[in-house]
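Here is a guided walk through one protein chain. Keep the structure open beside the text and follow along.

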Amino acid sequence: MSARGPVRRQGYSTLHAVAVTVIVGAAAWAVLATGPTWAGTIKGHVRFTGLATEQKTLPVTTDQYVCGKEKDAEDLILSHEKGIRNAVVWLKSVPAGAKGQASSAPVPLEEKQCAFTPRVIVVPVGGTVDFLNNDRVLHNIHSQSRGNPTFNRTQPKGRAIPITFTKPEIIRIDCDLHPWMRAWVVVAEHPFYAVTGASGEFALGNLPAGPYTLNVWHETLGTVTKDVTLGEADTGIVIEMGRR
């Protein structure tokens, strides 16, 4: 059973600087349930409101022998049903009795054919991202952050650079040598985060029954919130986002 509350729009996240699916977020955590009965899963889709437009392309101005002549912008990827890919959904508050345990495995973020893959990842506080250059050209990884130290590292082919993040925030990663390249690292303060898949789908599991507020962030659409109630079965919802 679900109660669909109104969507409350907020401004674009002030957490500058900076999955890819639901699995990426879930893989970073192991959830241990204590206390209340753990009922099920909040799942659903994040969908775009308004007229969908064709995906933009960006000109490639350097290293065309590896990168090609143009790249998809990837800042807003929609399915045929207007599902939004690469939105991040998380619980505003953690359920009482829940304990999260960070995985020791680093989260990979690779440079392939002059694009970051995945574009959006989730890593727990204290977790590490392994940046890896798979291309035959020089890249660099340049972060924009506030809570975490900024970095700007050159990255030759085949070189892996591990970076550990200690503060929760959303961090933008750019390659200054190839300005169309961008990625986002979402440093999560608890286990209940997910990145939407190709159809805009997400799932937050192992939750007790009760009311929740979901935060939803997307790099070009900002942040919205959604109230939902999880009963004795899985709850399916639709969260709408549009241009401001």
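Start at one residue, Ser143. Leaving out residues up to four places away in sequence, Ser143 touches Pro149, Thr150, Phe151, Ile171, Arg172 and Ile173. Ser143 sits in strand E12. Is Ser143 buried or exposed? Its relative accessibility is 3%, so Ser143 counts as buried. The cut-off for buried is under 20%.

This is a predicted model, so a word on confidence comes next. The average pLDDT of the chain is 85, and 81% of the residues score at least 70. One stretch falls well outside that group: over residues 1-35 the pLDDT is below 50. That stretch still has 119 contacts in the model beyond near neighbours in sequence. Where pLDDT is low, the predicted coordinates should not be read in detail.

Now take in the whole chain. It has 244 residues, and 48% of them count as buried. About 11,400 Å² is exposed, with carbon and sulfur atoms supplying 51% of that area. The secondary structure comes to two helices and 21 strands. Two of the sheets deserve a closer look.

Return to strand E12, the home of Ser143. E12 covers residues 139-144 and pairs with strand E13, residues 152-155. The two run antiparallel, with four bridges between them. Two positions show the register. Asn140 has Thr154 as its bridge partner in E13. His142 stands opposite Asn152, also in E13.

E12 has another partner as well. Three bridges join E12 to strand E15, residues 169-174, and this pairing is antiparallel too. Which residue of E15 is the bridge partner of His142? It is Asp174. His142 therefore has a partner in each of two strands: Asn152 in E13 and Asp174 in E15. In general, strands of a sheet pair through backbone hydrogen bonds, either parallel or antiparallel.

Step back to see the sheet these strands build. Five strands form an open sheet, in the order E10-E16-E15-E12-E13, and the pairing is mixed. Strand E10 (120-124) and E13 are the edge strands, each pairing on one side only. From one strand to the next, the twist averages 25°. In a regular strand the side chains alternate between the two faces of the sheet.

The next sheet has four strands. It is open, its order is E9-E8-E11-E14, and its pairing is mixed. At the edges lie strand E9 (115-117) and strand E14 (160-164), each of which pairs on one side only. Here the twist averages 20° from one strand to the next.

Look at strand E11, residues 128-133. E11 pairs with E14 in the antiparallel sense over five bridges. Within this pairing, Asp130 has Pro162 of E14 as its bridge partner. Phe131 stands opposite Ile161, again in E14. E11 also pairs with strand E8, residues 107-112. Five bridges join E8 and E11, which run parallel. In that pairing, Glu111 stands opposite Asn133 of E11.

Phe131 leads on to the aromatic rings. How many aromatic pairs does a search of the whole structure find? It finds four. Ring pairs link Phe131, Phe151 and Phe165 into a cluster. Two of these names have come up already. Phe131 faces Ile161 in E14, and Phe151 is among the residues that Ser143 touches.

End at a loop. Trp180 is found between E15 and strand E16 (182-188). Why does Trp180 count as buried? Its relative accessibility is 11%, and the cut-off for buried is under 20%. Leaving out residues up to four places away in sequence, Trp180 touches Leu58, Pro59, Val60, Thr61, Thr62, Cys67, Lys71 and Cys114. Cys114 is 66 residues from Trp180 along the chain, and their C-alpha atoms are separated by 8.6 Å.

Terms used:
Residues are numbered from 1 along each chain as its sequence is written. This is a predicted model: local features need pLDDT of at least 70, side-chain atom pairs count only at pLDDT 80 or more; totals for chains, interfaces and linings use all residues. Side-chain values use heavy atoms; hydrogens and water are left out. pLDDT is the predictor's confidence in each residue, from 0 to 100. Contact means heavy atoms within 4.5 Å. Rings of Phe, Tyr and Trp (its six-membered ring) pair if their centres lie within 6.5 Å; planes under 30 degrees apart count as stacked, over 60 as edge-to-face and the rest as tilted. Two strands pair if DSSP finds at least two bridges between them. Axes are lines fitted to C-alpha atoms, for helices over the stretch in contact, and angles run from 0 to 180 degrees between N-to-C directions. Buried means under 20% relative accessible area, exposed over 50%, partly exposed in between (1.4 Å probe, protein chains only). Accessible areas come from the Shrake-Rupley method with a 1.4 Å probe; for residues, only the protein chains shown count as cover.
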